[in-house]
Amino acid sequence: MRLTTAQALVRWLLAQRAELPDGSEGPLFPGVFAIFGHGNVLGVGAALAEVRDRLPVWRGHTEQGMALAAVGVAKATHRRQVGVATSSIGPGALNMVTAAGVAHANRLPLLLLPGDVFASRAPDPVLQQVEHFGDATATANDAFRAVSRYFDRITRPEQLVAALPQVARVLTDPADCGPVVLALPQDVQAESHDFPDALFAPVLHRPPRPRPDTAALGRAAEVLRAARKPLLLLGGGVRYSGAAGRAVRFAERHLLPVAETTAGRTLVPHDHPLHVGPLGVTGSASANTLAGAADVVLAVGTRLQDFTTASWTVFSPEVRLVAVNAARFDAVKHGALSVVGDADEALRELTDLLGDWRADKAWSARAAVERAAWDCYVDSLREPKPGLPTYAQVVGVVNELSEAADYVMTASGGLPGELVGGWRAVGAATMDVEYGFSCMGYELAGAWGAAIARPEGVVTTLLGDGSYLMLNSELFSAAFAGHGFVAVVCDNDGYAVIHRLQNQHGAAGFNNLYPDCRTAHADPPRADFAAHAASLGCAVFPAADLDALPAAYRAAREAARTQRRPAVVVVRTHPSAWTEAGARWEVGVADPALKAHQLGYLTPP
């Protein structure tokens, strides 16, 4: 079949199918996000135009935003579908590097197709080309190498025959899953080749389920049987395996208290008697208390990042860690007894080995007791009080009005701590907190992708004023395309959570909250988020105070469903009221002399 490189690539995308979380079949690549320029408009762009009736193409307004939307598609479908983004060369391509970092850190599939400079080098240097004096093969796209699971530059059409199976492998592999970058020189995109028909045969991708090593499982069972205070910790790998039900049944059979990581939130019903809450810095005091007392932690599907482990202070120094993970890279961390395999299969086989063994009932009962105390604390934070609404109160309103099929999101600043720690699950696996990369701006772009992938419920994203100002262009993209979601914008006058970090580590407030920033104005300007969102085509519902917030959020939900565009709720919030989980985070400390000066020991220079 004689096709151009771009035509062959697009035809291959169409041939790839996926088994979706509900067991149905759908496209592996449900759509492409595109901004065209001289590096891709006449190659990939022309090929996409030929199949526009079969492969939706959504026009973004920043390359970073549309690539983050593609990440949102993957997260919302539990890694069963893959978003694609294409750009021109130079700044368009480099704008997508941040999204690649998000996908890489969060183990999420993403296919990026940046244009590249001429392979022939005939017209060098072309517009936007970065020239390296000592390496003629390097282009701007080499910046993707550090944040790609698989990188290739297609310099001849026939290279696709070998490259595309590797692309599919990485995007669908439970261990190696992550971003794939195919750099496409603009001349090669339009070159032709006789491609084999077999390359375009339909392929159905089902999640591989590698079985764990029998001996490793046996050792894990021995460690658990000897445990006096075991704790089960569920991460994002449990979500992607579809193993939430298996994990809950495992906990019930063996009476294990269950905690969740950030990526594992909403896997367990909130009111389950064995659910102790989320773990870590942005988690709950209930889970952190049990983690500190546990002698064995069975960590399933988690990479154990610092916010989960409170920089490795949340566990007892004597704890025995058993790590079940599809990726050996994650399973061997921190001296864990590693069990490499699929979460669902590992828990199925492990429960058979454990038989009728159960943890001590008194230990298991502590889960409900500790979580009830945490719930009381969160309830107290949600109660109406004089002054500006707090993040906890805003989350409480959204939580109270959400339904089982809804999906809630956030990414950066103070809201991850409020959402992870305070949310009470109303549906299974219905939360996306992008805290692997903590990417400001993901909240709106990722919500666009989630709204494309999840038409059955209302997607709500919560974000601060800083994230809104950083990346809001995809509000217009979603409004233009007809994808509705709710965005709750909490305006607290700046980067409040970093101001908090400054203060907690002995530094004075500087350059985070607006009053601490340099300005030439006696009366500095304020962003009118409501007017701005309206100008981008959104329905807008300002909430003057906490009393007005429920009605505004209800109206926004209805508008998102019926008007097929983003609905933005804007509310002023308190800059220094937080949910505290009682865990520490290892972070850079202020200069000792500065600390001493603030404590009154030194005279300032």
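**Exercise 1. Which strands does helix H15 (residues 391-401) lie across, and at about what angle does H15 run to E20?**

Before the solution, some conventions. The model is predicted, and local features need pLDDT of at least 70, side-chain atom pairs count only at pLDDT 80 or more, while totals for chains, interfaces and linings use all residues. Residues are numbered from 1 along each chain as its sequence is written, and side-chain values use heavy atoms, with hydrogens and water left out.

Solution.
- Step 1. Find the elements: helices (H or I, at least four residues) and strands (E, at least two) are DSSP runs, numbered from the N terminus.
- Step 2. H15 lies across E20, strand E21 (486-491) and strand E23 (567-572).
- Step 3. For the angle, axes are lines fitted to C-alpha atoms, for helices over the stretch in contact, and angles run from 0 to 180 degrees between N-to-C directions. H15 runs at about 170° to E20.
- Step 4. Helix H16 (residues 415-422) also packs on the sheet, where H16 touches E18, E19 and E20 (contact means heavy atoms within 4.5 Å). The direction of H16 makes about 145° with that of E18.

**Exercise 2. Give the strand order of the open sheet that contains E20, and identify its edges.**

Solution.
- Step 1. Two strands pair if DSSP finds at least two bridges between them.
- Step 2. Following the pairs gives six strands in the order E19-E18-E20-E21-E23-E22, with parallel pairing.
- Step 3. Strand E19 (431-433) and strand E22 (539-543) each have a single partner strand, so one side of each is left without a neighbour in the sheet.
- Step 4. From one strand to the next, the twist averages 15°.
- Step 5. As one pair, take strand E18 (residues 407-410) and strand E20 (residues 459-464), which are parallel and joined over three bridges. Met409 has Thr461 in E20 as its bridge partner.

**Exercise 3. Do the same for the open sheet that contains E4.**

Solution.
- Step 1. The order of the six strands is E5-E4-E6-E7-E9-E8, and the pairing is parallel.
- Step 2. E5 and strand E8 (150-153) are the edge strands, each with a single partner strand, so one side of each has no neighbour in the sheet.
- Step 3. The twist averages 20° from one strand to the next.
- Step 4. Strand E4 (residues 32-34) runs parallel to strand E6 (residues 84-87), and three bridges join them. Ala34 has Thr86 in E6 as its bridge partner.

**Exercise 4. Is Gln189 buried or exposed, and which residues does Gln189 touch?**

Solution.
- Step 1. Locate the residue: Gln189 sits in the loop between strand E9 (179-185) and strand E10 (192-194).
- Step 2. Apply the cut-offs: buried means under 20% relative accessible area, exposed over 50%, partly exposed in between (1.4 Å probe, protein chains only). Gln189 has a relative accessible area of 2%, so Gln189 is buried.
- Step 3. Leaving out residues up to four places away in sequence, Gln189 touches Thr4, Thr5, Ala6, Gly39, Asn40, Gly43, Val44, Gly115 and Leu184.
- Step 4. The Gln189 side chain reaches the backbone oxygen of Leu184 at 2.9 Å.

**Exercise 5. Which residues of helix H19 (residues 474-481) are buried, and what covers them?**

Solution.
- Step 1. The buried residues are Glu474, Leu475, Ser477, Ala478 and Ala479.
- Step 2. Their cover includes strand E5 (57-59), helix H3 (63-76), helix H17 (442-453), helix H18 (465-470) and E23.
- Step 3. Just after H19, Gly482 has a positive phi of about 90°.

**Exercise 6. What volume does the largest pocket have, and which helix gives the most to its lining?**

Solution.
- Step 1. On a 1 Å grid over the protein atoms alone, a cavity is a set of points where a 1.4 Å probe fits but cannot get out, and a pocket is an open set with protein on both sides within 12 Å along at least five of seven lines; lining residues have an atom within 4 Å of a point. Grid points are joined across faces, edges and corners, and a volume is the space filled by probe spheres set on the points.
- Step 2. The largest pocket has a volume of about 780 Å³. It is lined by 40 residues, and the closest to its centre are Gly413, Gly414, Tyr435, Val497 and Arg500.
- Step 3. H20 gives the most to this lining, with six residues.

Definitions and conventions:
A polar contact is a pair of N or O atoms within 3.5 Å; within protein, one must be able to donate a hydrogen and the other to accept it, and residues adjacent in sequence count only if both atoms are side-chain atoms.
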